[in-house]
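The following exercises concern one protein structure. Please study the sequence and the model before reading each solution.

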Amino acid sequence: SEPLYHLNPPPSYPRVARRRNYQGTVVLDVLVTADGVVADVRVAASSGYAILDRSALNTVKAWRFAPARKGRQPIEMWVQVPVRFELR
């Protein structure tokens, strides 16, 4: 399964996290249905900041994915999605 990045919105960078210069990468375990919808999402590796982790979780819950396939049949599958928060 691959997220449809060009169709999915990036997570918002929480204002408090920006002011405090919080940066990091959250790795999410995402259960993608055969329809490409997120059925479940969990933090596999924290960014070190709960506020960034929550922003990533809330955003990815609404994402659409290209479902995994077994042959031509779309199937449900867990995938890992890294979400990077980086100040520039």
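Two residues are in contact when heavy atoms of theirs lie within 4.5 Å. With this cut-off, Phe65 touches Glu2, Pro3, Leu4, Val30, Val32, Gly36, Val38, Val60, Val79 and Val81, residues up to four places away in sequence not being counted. The model used throughout is a predicted one.

**Exercise 1. Describe the overall architecture of the protein.**

Solution.
Step 1. Count the elements: the protein has two helices and seven strands.
Step 2. Read their order from the N terminus, which is β-α-β-β-α-β-β-β-β.
Step 3. Consider the extent: the C-alpha trace spans about 45 × 25 × 15 Å along its principal axes.
Step 4. Consider the contacts between residues at least 6 apart in sequence: 70% of them join residues at least 24 apart.
Step 5. Turn to burial and surface. Of the 88 residues, 38% are buried. The protein exposes about 5700 Å², of which carbon and sulfur atoms supply 48%.

**Exercise 2. Identify the largest nonpolar core and the elements that build it.**

Solution.
Step 1. Begin with the general expectation: in soluble globular proteins, nonpolar side chains tend to be buried together.
Step 2. Determine the size of the core: the largest nonpolar core contains 19 residues, and Leu28, Val30, Val60 and Phe65 have the most contacts inside it.
Step 3. Assign the core to elements: strand 2 (24-32), strand 3 (38-45), helix 2 (50-60) and strand 7 (77-85) each give two or more residues to it.
Step 4. Return to Phe65, whose contacts include Val30 and Val60.

**Exercise 3. Determine how helix 2 packs, and examine the surroundings of Ser55.**

Solution.
Step 1. List the buried residues of helix 2: Leu52, Asp53, Ser55, Ala56, Leu57, Thr59 and Val60.
Step 2. Find their partners: these buried residues pack against helix 1 (15-19), strand 2, strand 3, strand 4 (65-66) and strand 7.
Step 3. Test one residue of the list. Ser55 has a relative accessible area of 9% and therefore counts as buried, the cut-off being under 20%.
Step 4. Record its contacts: apart from neighbours within four places in sequence, Ser55 is in contact with Pro11, Ser12, Pro14 and Phe85.
Step 5. Follow one of these partners. Ser12 lies in the loop between strand 1 (2-3) and helix 1. Ser12 and Ser55 are 43 residues apart in sequence, yet their C-alpha atoms are 6.5 Å apart in space.
Step 6. Complete the picture from the other side: with neighbours within four places again left aside, Ser12 is in contact with Ser55, Thr59 and Phe85.

**Exercise 4. Account for the charged side chains and state which of them form salt bridges.**

Solution.
Step 1. Count the charges: there are 13 positive and 7 negative side chains, and the centres of the two sets lie 7 Å apart.
Step 2. Count the pairs: the structure holds two salt bridges.
Step 3. Examine the pair Arg42 and Asp40, whose side chains meet at 2.8 Å, N to O. Arg42 is partly exposed at 46% relative accessibility, and Asp40 is partly exposed at 25%.
Step 4. Examine the pair Glu86 and Arg88, whose side chains meet at 3.8 Å, N to O. Glu86 has a relative accessible area of 38% and so is partly exposed, whereas Arg88, at 90%, counts as exposed. The cut-off for exposed is over 50%.

Technical notes. Residues are numbered from 1 along each chain as its sequence is written. This is a predicted model: local features need pLDDT of at least 70, side-chain atom pairs count only at pLDDT 80 or more; totals for chains, interfaces and linings use all residues. Side-chain values use heavy atoms; hydrogens and water are left out. A nonpolar core is a set of buried Ala, Val, Leu, Ile, Met, Phe, Trp, Tyr and Cys residues joined through side-chain atoms within 4.5 Å. Buried means under 20% relative accessible area, exposed over 50%, partly exposed in between (1.4 Å probe, protein chains only). Helices (H or I, at least four residues) and strands (E, at least two) are DSSP runs, numbered from the N terminus. Accessible areas come from the Shrake-Rupley method with a 1.4 Å probe; for residues, only the protein chains shown count as cover. Lys and Arg count as positive and Asp and Glu as negative; His and the chain ends are not counted. The place of a charge is taken as NZ of Lys, CZ of Arg, CG of Asp or CD of Glu. A salt bridge is a side-chain nitrogen of Lys or Arg within 4 Å of a carboxyl oxygen of Asp or Glu.
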